[in-house]
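Notebook open, coffee poured. I want to go through this one piece by piece and jot down what I find.

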Amino acid sequence: MLYFMIPHKYRWILLLSASYYFYMCWKPEYAILLVISTIIDYYAGIMMEKSETKKKRRKFLILSLLSNLGLLFTFKYYNFFSTSFVDVLNYYNIFLDSPTFKLLLPVGISFYTFQTMSYSIDVYRGEIKAQHHFGYFALYVTFFPQLVAGPIERSTNLMPQFFEKHDFDTKRASDGLKLMMWGFFKKVVIADRLAILVNQVYNNAESYEGFPLLLATYFFAFQIYCDFSGYTDIAIGAAQVMGFKLMDNFNRPYFSKSISEFWKRWHISLSTWFRDYVYIPLGGNRASKWKWYFNLFFTFLISGLWHGANWTFVIWGAIHGFYLIFATWTKDIVNKIYKFLRLEKGTRLRKYVDVAITFHLVLFAWVFFRANSFNDAIYILSNIFPLNIKDFVSLLNSTGAVENALGLTKRGIVLALLSIGFMEFVHLFQRHRKMRSFLSDKPIVLRYAIYYAILIAIISFGEFSMQEFIYFQF
């Protein structure tokens with residue numbers, strides 16, 4: 001209300017103040033990192049625009065990249081690389097002590113550092129002009145809806161919107177609130193309920209075998225999707241209420257028919273960032289075959305490391321890189337197999353098969369992403385099969401035993417499955433038209449019946465145990 005009440009020329013002050021207040025509610029002193037990153041990148045952008053030669057511009061680009069990557073390395077990766085280096089030396093009987101620091105990882109640091117780096121790189125390339133208004137640039141860095149978990153915005157999309165006057169629009173605000181509600185449904189009804197079972201099993205992996213491990217792995221696939229896409233919906237919806245359009249970050253990724261398609265649908269803002277600022281500068285696919293494979297694999301290794309300072313994330317990225325390379329190697333063989341099985345491209349059955357295969361390849365990689373350690377991941381993959389279905393059925397039939405063993409009651413498991421089914425029904429429907437658009441021309445009774453049903457479901461079936469958003473840790 002205050003945003004629309006005050007004159008447009010002062011709104012950036014309100015938004016910037018709100019963004020810093022939002023971030024400082026978590027840990028006030030870490031706001032200084034935002035200030036440092038903002039000042040350096042603002043200065044670098046101005047100086048690059050003033051520099052007449054590419055050599056001079058490169059110096060300020062290096063200043064920007066080193067400052068952002070330095071912050072990221074210090075808080076997120078120093079201990080990881082330090083202990084890994086010492087472990088390697090110890091393996092060869094070279095014993096060395098290396099200091100480690102107990103630093104709390106600044107929430108969202110990987111998101112806002114990548115956002116500011118994209119600005120600096122674009123100014124260096126001459127694709128955009130440097131922003132001379134410090135307040136607007138600071139707002140671009142800290143815009144609260146997407147500050148801590150994306151989408152990772154480009155200055156070409158977000159920055160111009162700060163200069164536009166957004167009058168209050170009932171339909172736009174209503175659409176934004178509906179999207180926020182859908183995000184909350186995915187977060188508290190689905191993701192946070194699934195988290196109970198997933199955390200119970202994955203945090204005590206060696207206590208389980210067979211079906212519980214498999215169920216927890218399937219549940220995690222939907223947990224991480226609902227958790228992250230739920231936050232994205234809330235962020236995009238909140239921005240939309242005020243008149244800002246953030247980029248889409250998810251597009252029904254589990255309906256992908258290949259791994260390459262999956263990465264065009266999953267965390268789109270990050271995958272396009274790595275495409276534009278890592279993969280293409282390395283040469284992309286405009287290189288020799290083996291250089292192209294290296295570019296692909298290296299990009300996904302870095303993507304895995306971006307997610308966390310743990311070898312499990314690096315392995316997760318390497319698996320996806322391998323998937324893409326292997327797909328190019330075996331493309332002709334796979335087509336021959338499909339032809340032999342009479343699964344012609346474009347047929348409905350072929351699509352179902354491709355979606356199922358892609359989903360389970362992604363599922364396999366998620367094991368490494370979620371496992372607490374490499375050894376846990378290997379244990380889980382080694383002990384999922386054979387499935388002890390009889391033991392699992394007897395567990396379900398035992399009163400109270402399910403909750404003790406899996407963390408969720410039978411009712412909780414059924415609610416989780418039903419809510420996933422409802423979400424996937426909506427996703428199937430949205431292949432051709434967005435649900436909000438579809439409902440907009442329906443009778444008011446039907447529309448509000450659906451809205452209130454979702455709202456009541458959130459209140460009645462939501463898990464309000466303060467589960468942190470998964471991607472806040474990145």
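**Salt bridges first**

I started with R350 and D354, whose side chains meet in a salt bridge at 3.2 Å, N to O. Worth noting for everything below: this is a predicted model. Both residues sit in helix α15 (residues 348-370), four residues apart, about one turn of the helix. I looked up their exposure too: R350 is buried, and so is D354.

Next I wanted the total. The count comes to 14 salt bridges.

I then pulled up R154, which forms a salt bridge with D276, and the closest N and O atoms are 3.1 Å apart. This pair links distant parts of the chain: R154 is in the loop between α6 (134-142) and α7, while D276 is in helix α11 (residues 268-282), 122 residues apart. Are these two partners buried or exposed? R154 counts as buried because its relative accessible area is 16%, under the 20% cut-off. D276 is buried as well, at 16% relative accessibility. I also noted a network here: R154, R275 and D276 are linked by salt bridges.

One more pair went into the book. D175 forms a salt bridge with K178, with 3.8 Å between the closest N and O atoms. Both lie in helix α8, three residues apart, about one turn of the helix. D175 is buried at 11% relative accessibility, and K178 is buried at 17%.

**Surface patches**

I moved to the outside. Which residues form the positive surface patch? I wrote down K54, K55, K56, R58 and K59. I checked K55 in particular: this lysine lies in helix α4 (residues 54-91), and K55 is exposed, with a relative accessible area of 65%.

There is a nonpolar patch on the surface too, made of I444, V445, Y448, Y452, L455, I456 and I459, with about 730 Å² of accessible area together. I picked Y452 for a closer look. Y452 is found in helix α21 (residues 444-461) and is partly exposed, at 47% relative accessibility.

**Backbone oddities**

I looked up the cis peptide bonds next. One joins G150 and P151, with omega about 5°, and P151 is in the loop between α6 and α7. Another runs from F385 to P386, with omega near 0°. P386 is in the loop between α16 (374-383) and α17 (389-397).

Then I went after positive phi values. R252 has one of about 45° although it is not a glycine. I placed R252 in the loop between α9 (211-242) and α10 (259-265), and R252 counts as buried because its relative accessibility is 13%. R342 also has a positive phi, about 60°, and is not a glycine either. R342 is in the loop between α14 (331-340) and α15. Is R342 buried or exposed? I have R342 down as exposed, at 72% relative accessibility.

**Last entry: D167**

D167 lies in the loop between α7 (155-163) and α8 (170-202). I logged D167 as partly exposed, with a relative accessible area of 47%. What does D167 contact, leaving aside neighbours within four places in sequence? I found F4 and R172. I also checked D167 against G243: the two are 76 residues apart in sequence and 7.6 Å apart in space, C-alpha to C-alpha.

Conventions. Residues numbered from 1 in each chain as written. Predicted model: local features only at pLDDT ≥ 70, side-chain atom pairs only at ≥ 80, totals over all residues. Heavy atoms only, no water. Patch = residues over 30% accessible without salt bridge, like charges linked within 9 Å, V, L, I, M, F, W, Y side chains within 5 Å. Areas by Shrake-Rupley, 256 points an atom, 1.4 Å probe, with all protein chains shown as cover. Salt bridge = Lys/Arg side-chain N within 4 Å of Asp/Glu carboxyl O. Lys, Arg positive; Asp, Glu negative; His and termini not counted. Charge placed at Lys NZ, Arg CZ, Asp CG, Glu CD. Helix = DSSP H or I, 4+ residues; strand = E, 2+ residues; numbered from the N terminus. Buried < 20%, exposed > 50% of the residue type's maximum accessible area, 1.4 Å probe, protein only. Contact = heavy atoms within 4.5 Å.
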